[in-house]
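Reader: I would like a close look at a single part of this model, with the cut-offs behind each term spelled out. Please take one strand and follow what surrounds it.

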Amino acid sequence: MRLMTEILAIYPGSFDPITNGHLDLIERSSRIFEGLTVALLINPEKQPLFSLEERIEMARELTRGLANVSVDAFTGLLVDYATQRGAKVIVRGVRAFSDYEYEFQMALMNRKLAPALETIFLMPAENCTYVSSRLVKEIVRHGGNVRGLVPPLVEERLRQKVLATH
Ligand code: PNS
């Protein structure tokens, strides 16, 4: 049997932008698995606030101190990407109960598509349970303060983005 520590895990998402909640999960996962790839979805149907390059750059910069964490992008099905990378685990975070339905459906669908892949859910730190990229963007758009919800680097990039679009 393989130990968890020998496993490569994938943490997929949009990360538009990466928040302290994401980073908390990345740190937790990096302590459990031998390797963790933060995988940003390239989704032509979605219009993200930050370009793929900007999101990758922020994620790389903020995970630089974690030797077993890498950042990558993928297109198509997550299970195909994970299988091709030789990953055995998909990591997702569950904050509130409201996340559960969507995550449950996705995990079971991914299991149907690729039974060998396992989805593992982690709970973020309590002070991150209400943080989401969507709310962070909304707050900044309306001139609110997101200190403590995202790293200072992301806070600055958000400010620049909002200034550029006004
Ligand atoms: O951070 P998000 O936007 O909630 O992440 C969603 C993500 C990227 C994990 C999900 O949309 C995904 O895996 N997309 C890739 C396409 C795919 O595999 N779809 C079938 C999911 S059952």
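Author: What follows is an account of strand S4, its partners, the loop after it and the ligand.

This is a predicted model, in which local features need pLDDT of at least 70 and side-chain atom pairs count only at pLDDT 80 or more, while totals for chains, interfaces and linings use all residues. Residues are numbered from 1 along each chain as its sequence is written, and side-chain values use heavy atoms, with hydrogens and water left out.

Helices (H or I, at least four residues) and strands (E, at least two) are DSSP runs, numbered from the N terminus. Strand S4 covers residues 89–93, and because four of its five residues are buried, S4 is largely enclosed by the rest of the structure; buried here means under 20% relative accessible area, exposed over 50%, and partly exposed in between, with a 1.4 Å probe and protein chains only.

Two strands count as paired if DSSP finds at least two bridges between them. S4 pairs with strand S1 (residues 8–13) in the parallel sense over two bridges, and here Ala9 stands opposite Val89 of S4. With strand S5 (residues 118–122), S4 also pairs in the parallel sense, over five bridges, and Val91 stands opposite Ile120 of S5. From S4 the chain crosses through H4 to S5 in a right-handed β-α-β crossover, a label that applies if, with the strands pointing away from the viewer, the path from the first strand over the helix to the second runs clockwise.

The loop between S4 and helix H4 (100–113) contains Asp99, which counts as buried because its relative accessibility is 13%. A polar atom of the Asp99 side chain lies 2.8 Å from the backbone nitrogen of Arg95; a polar contact is a pair of N or O atoms within 3.5 Å, where within protein one must be able to donate a hydrogen and the other to accept it, and residues adjacent in sequence count only if both atoms are side-chain atoms. Leaving aside residues up to four places away in sequence, Asp99 touches Gly93 and Val94, contact meaning heavy atoms within 4.5 Å.

Turning to the ligand, 14 residues surround it, and Arg92 is among the closest, together with Gly13, Ser14, Gly76 and Leu78; a residue is near a molecule if one of its heavy atoms lies within 4 Å of it. A polar side-chain atom of Arg92 lies 3.1 Å from an oxygen atom of the ligand, and a polar side-chain atom of Ser14 lies 2.6 Å from a ligand oxygen atom.
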